[in-house]
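Reader: I would like a close look at a single part of this protein, followed by whatever helps to place that part among its surroundings.

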Amino acid sequence: MRKFFQEIKADLKFKTAGPGQKLSEPSRVPKERPKAEAAPKPRQAPTDEAQMAAAAALARMEMKPKAKAASSQDAIKSQVRKELMAEAAASEKGLSAEEEDFASPAKEGAAALSVSGVYFICPLTGVVVRKDKKEKHLREAIQSYFSVDPVAASIMEIHTFNKDREKVRAGVETMAKYLDNIYLHPEEEKYRKIKLQNKVFQERISCLEGIHRFFQAVGFETKTLPVPGQETTEEYYVLKEEMLTRLEDFKDYKEQLLSAEPVRAQLDRQLCVFKPSPEAARFELPNDFYNLTAEEIKREQRLRTEAVEKASMLRTRAMREKEEQREMRKYNYTLLRVRFPDGYILQGTFYARESVSVLYNFVREALREDWLPFELLGPGGLKLTDENLPFNECGLVPSALLTLAWDAAVMADIQAVGEEQPASALKPELLSRVQTLS
């Protein structure tokens, strides 16, 4: 029976082998039969659901990490050491991030930065300054304001440049009490003198920056007076006699002092609009975005070494999430891009601890029609539904590409009306400044 089946198989193989040929003849290639071309089918426009699914899939593809060549732990540790030695060397030179960029020659083929740095808007001058120049500019702006209103300028100095808010509160309340006593009891000479070596004055007031300029601005002058019952003298602030005719001013000074807030420079969003680009998910950030100082380099070295060792350990999901949250705290700022359905990209700079609602407002302000409802999809197509969450808890730091999706029902209603829609949902003034991602 087995021989019978073998003969049948051999016969079938012989019949399918094609026409025979002599050994002396060149081999013939069998001719392929021409296939009839299928008529092209008309292409249908994708539905709204399909567009959203495609956007989510594209976002997932762009966020997929590229495969890296396997390397040994020794090689990784060696690379970490090299990077940290370079960082330490740069730190020892005392170069700022900006100075370092100018000091080192540009490398051939180096990727361009997505943004040149983090910038702030001075509320006093309206000037945009880089992060490392912010405090210097604020000082200069407040200093120049002394020629306009010395009392207001000194109050700004006290509230802005003393970082310990509890000390500021205690000092300001004590100073307000001094002013209140003068306003309520102008005839009492003891309230018109302040002993500079007084324990309360030394502990609560003298330690604050800007305090002495404030007393001079409100009408005090420094005098050396004899101590009653002793042969020694001491320094006092003494109110000028002419100030007794302006007692109402002291009431105003007290209110200004108690109600004042620190002068805070506003983060410049650096709003940009880009043409559709396959480079939308690529980010190159400057050092301004990282919350690492020279003192933290050694700690960072230890953390990186531990990370290498942990890479080979089996960790639970909770452990990984905790480490990711700790990693996110390294960043003070984040650069976010929102891609519209037509491919245009809206970019802005944000604090890492700002909430998602700030991004929704940022996008809404850039729209021609700010009433149009939309959703933002994070990396992987995840909907950002909780607008109260900060960016660093959503995995959106130090940078991220998001996708905007319109409300399908509303867009269907708009299309049903038949009104002609603009080419882009963004404001014309923003499109006039559109750039190309490099």
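Reader: Which strands does helix α13 lie across, and at about what angle does α13 run to β9?

Author: This is a predicted model, and the answer should be read with that in mind. Helix α13, which spans residues 356–365, lies across four named strands, β8, β9, β10 and β11, and runs at about 140° to β9, the strand of residues 345–351. With 145 degrees as the bound above which an angle counts as roughly antiparallel, and 65 to 115 as the range for roughly perpendicular, the angle of about 140° between α13 and β9 is therefore oblique.

The sheet beneath this description is an open one of five strands, in the order β7-β9-β8-β11-β10, and its pairing is mixed. Its edges are formed by β7, at 272–274, and β10, at 374–377, each of which pairs on one side only. Leaving direction aside, neighbouring strands of this sheet are turned against each other by 30° on average. Within the sheet, β8 (residues 333–339) and β11 (residues 399–406) run parallel and are joined by five bridges; R337, for instance, has L401 in β11 as its bridge partner.

A second open sheet has three strands, in the order β2-β1-β6, and here the pairing is antiparallel. Its edge strands are β2 (128–130) and β6 (266–267), each pairing on one side only. Strand β1, residues 119–121, runs antiparallel to β6 and is joined to that strand by two bridges, with I121 standing opposite Q266 of β6.

Strand β5, residues 233–239, has antiparallel pairing with two strands that can be described together. With β3 (residues 193–195), β5 pairs over three bridges, and I194 has Y237 of β5 as its bridge partner. With β4 (residues 220–226), β5 pairs over seven bridges, and F220 stands opposite L239. The hairpin of β4 and β5 has six residues between the strands, and in this hairpin G229 takes a positive phi near 80°.

Turning to the helices, α6 is described here through its packing with two others. Against α5 (residues 134–145), α6 packs at an angle of about 155°, with the axes 8 Å apart, which makes α5 roughly antiparallel to α6. The crossing of these two helices is left-handed. On the α5 side the contact is made by E135, L138, R139, I142 and Y145, and on the α6 side by P150, A152, A153, M156, E157, T160 and F161. By class, these residues divide into eight nonpolar, one polar and three charged.

Against α10 (residues 247–259), helix α6 (residues 150–161) packs at an angle of about 30°, with the axes 10 Å apart, and α6 and α10 are therefore roughly parallel to each other. This crossing is right-handed. Residues V151, A152, I155, I158 and H159 of α6 meet Y253, Q256 and L257 of α10, a contact with six nonpolar and two polar residues and no charged ones.

A word on confidence should accompany all of this. The mean pLDDT of the protein is 79, and 66% of its residues reach 70 or more. Over residues 29–43, however, the pLDDT is below 50, and beyond near neighbours in sequence this stretch has zero contacts in the model. Residues 63–73 also stay under 50 in pLDDT, and for them the model has four contacts beyond four places in sequence.

Conventions
Residues are numbered from 1 along each chain as its sequence is written. This is a predicted model: local features need pLDDT of at least 70, side-chain atom pairs count only at pLDDT 80 or more; totals for chains, interfaces and linings use all residues. Side-chain values use heavy atoms; hydrogens and water are left out. Axes are lines fitted to C-alpha atoms, for helices over the stretch in contact, and angles run from 0 to 180 degrees between N-to-C directions. Angles under 35 degrees count as roughly parallel, over 145 as roughly antiparallel, 65 to 115 as roughly perpendicular and the rest as oblique. A crossing is left-handed if the near helix is turned anticlockwise from the far one by less than a right angle, and right-handed if clockwise. Contact means heavy atoms within 4.5 Å. Ala, Val, Leu, Ile, Met, Phe, Trp, Tyr, Cys and Pro count as nonpolar, Asp, Glu, Lys and Arg as charged, and the others, Gly among them, as polar. Two strands pair if DSSP finds at least two bridges between them. pLDDT is the predictor's confidence in each residue, from 0 to 100.
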